[in-house]
Amino acid sequence: MTHKNKRFTLRISDELANKLEKEAQRLGVSKNALVLFTLEKELDNEQKKK
């Protein structure tokens with residue numbers, strides 16, 4: 001799924017941001033990719049519940 005020219009700002013605590021950065025580095029992906037992947041999984045789970 002591609003959405004060009006769409007931007008959003010994610011406001012999270014410094015602690016969560018650090019965890020996100022470490023996990024992204026561990027997986028070898030960007031923080032944005034990790035956030036989008038996680039969000040997609042959550043949305044899929046919500047759809048399955050309905």
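## Overall build

The secondary structure of this protein consists of two helices and zero strands, and the reader should keep in mind that the model is a predicted one. The protein has a radius of gyration of 13 Å, whereas a compact globule of 50 residues would have one near 10 Å. Along the principal axes, the C-alpha atoms fill a box of roughly 35 × 30 × 20 Å.

## Surface and charge

Of the 50 residues in the protein, 8% count as buried. The accessible surface comes to about 5,200 Å², and carbon and sulfur atoms account for 50% of that area. The protein carries 12 positive and 8 negative charges, and the mean positions of these two groups lie 5 Å apart.

## The helix H1 and the residue after it

Helix H1 covers residues 14-27, and because each of its 14 residues is reckoned at 1.5 Å, the helix should span 20 Å, which agrees with the 20 Å between its end C-alpha atoms. Just after H1 comes glycine 28, which takes a positive phi of about 75°.

## Lysine 31 and its surroundings

Lysine 31 belongs to helix H2, which covers residues 31-49. Its relative accessibility is 41%, and lysine 31 therefore counts as partly exposed, since that class lies between the 20% limit for buried and the 50% limit for exposed.

When neighbours within four places in sequence are left aside, lysine 31 is in contact with Leu20, Glu21 and Ala24. For one of these, glutamate 21, the separation from lysine 31 is 10 residues in sequence, while in space the two are 6.1 Å apart, taken from C-alpha to C-alpha.

Conventions: Residues are numbered from 1 along each chain as its sequence is written. This is a predicted model: local features need pLDDT of at least 70, side-chain atom pairs count only at pLDDT 80 or more; totals for chains, interfaces and linings use all residues. Side-chain values use heavy atoms; hydrogens and water are left out. Helices (H or I, at least four residues) and strands (E, at least two) are DSSP runs, numbered from the N terminus. The radius of gyration is taken over C-alpha atoms; the globule rule is 2.2 Å times the number of residues to the power 0.38. Buried means under 20% relative accessible area, exposed over 50%, partly exposed in between (1.4 Å probe, protein chains only). Accessible areas come from the Shrake-Rupley method with a 1.4 Å probe; for residues, only the protein chains shown count as cover. Lys and Arg count as positive and Asp and Glu as negative; His and the chain ends are not counted. The place of a charge is taken as NZ of Lys, CZ of Arg, CG of Asp or CD of Glu. The expected span of a helix is 1.5 Å times one less than its number of residues. Contact means heavy atoms within 4.5 Å.
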